[in-house]
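Here's a quick briefing to read with the structure open beside you. Have a look at the model first, then work through the points by topic.

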Amino acid sequence: MADAIMAVAALEEPPLRLAVGADAIESIRASLRSRLAELDRWESFPRVPVGEGV
């Protein structure tokens, strides 16, 4: 893992997050799918115009 971190740290434009470990990528994808599903469920909820919130 240290080698991967050192290699990424040397990049001109390193990623904001580094998925390290066998299950990391699928775990991140599952989390993102869950968040997208939540966003989709509430997408049609009436929105308050910016500046008019409580």
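A salt bridge here is a side-chain nitrogen of Lys or Arg within 4 Å of a carboxyl oxygen of Asp or Glu. Glu38 and Arg41 fit that rule, with their closest N and O atoms 2.3 Å apart. Keep in mind that you're looking at a predicted model.

**Overall build**

- The protein has 2 helices and 0 strands.
- Its radius of gyration is 18 Å, whereas a compact globule of 54 residues would come in near 10 Å.
- Lay the C-alpha trace along its principal axes and you get a span of about 50 × 25 × 15 Å.
- Just 4% of the 54 residues are buried.
- About 5,400 Å² of the protein is exposed, and 60% of that comes from carbon and sulfur atoms.

**Charges and salt bridges**

- On the charge count, there are 6 positive and 9 negative side chains, with the centres of the two sets 6 Å apart.
- As a rule, side chains of opposite charge can pair when their charged atoms come close.
- How many salt bridges does the count come to? The tally is 2.
- One of them is the Glu38 and Arg41 pair, at 2.3 Å between the closest N and O atoms.
- Glu38 and Arg41 are 3 residues apart in helix H2 (residues 24-42), so about one helical turn separates them.
- Is Arg41 buried or exposed? Arg41 is exposed, because its relative accessible area of 55% is over the 50% cut-off.
- Glu38 has 37% relative accessibility, so this residue counts as partly exposed.
- Arg33 and Glu26 also meet through their side chains in a salt bridge, at 2.5 Å from N to O.
- Arg33 is partly exposed at 46% relative accessibility, and Glu26 gets that label too at 43%.

**The aromatic pair**

- Searching the whole structure turns up 1 aromatic pair.
- The pair is Trp42 and Phe45, whose ring centres sit 5.3 Å apart.
- Why is this pair called edge-to-face? The ring planes of Trp42 and Phe45 are at 70°, and anything over 60 degrees counts as edge-to-face.
- Trp42 comes out as partly exposed, with 48% relative accessibility.

**The loop between the helices**

- Leu18 is in the loop between helix H1 (2-9) and H2.
- At 39% relative accessibility, Leu18 lands in the partly exposed class.
- Leu18 and Ala4 are 14 residues apart in sequence, and their C-alpha atoms are 8.9 Å apart in space.
- Gly21 also has its place in the loop between H1 and H2.
- Gly21 is exposed, with a relative accessible area of 51%.
- Where Gly21 and Met1 are concerned, 20 residues along the chain translate into 8.0 Å between C-alpha atoms.

**A leucine in helix H2**

- Leu32 lies in helix H2.
- Leu32 has 44% relative accessibility and so counts as partly exposed.
- From Leu32 to Leu16 you go 16 residues in sequence and 15 Å in space, C-alpha to C-alpha.

Note on methods:
Residues numbered from 1 in each chain as written. Predicted model: local features only at pLDDT ≥ 70, side-chain atom pairs only at ≥ 80, totals over all residues. Heavy atoms only, no water. Helix = DSSP H or I, 4+ residues; strand = E, 2+ residues; numbered from the N terminus. Rg over C-alpha atoms; globule rule 2.2 N^0.38 Å. Buried < 20%, exposed > 50% of the residue type's maximum accessible area, 1.4 Å probe, protein only. Areas by Shrake-Rupley, 256 points an atom, 1.4 Å probe, with all protein chains shown as cover. Lys, Arg positive; Asp, Glu negative; His and termini not counted. Charge placed at Lys NZ, Arg CZ, Asp CG, Glu CD. Phe/Tyr/Trp six-rings, centres within 6.5 Å; stacked < 30°, edge-to-face > 60°.
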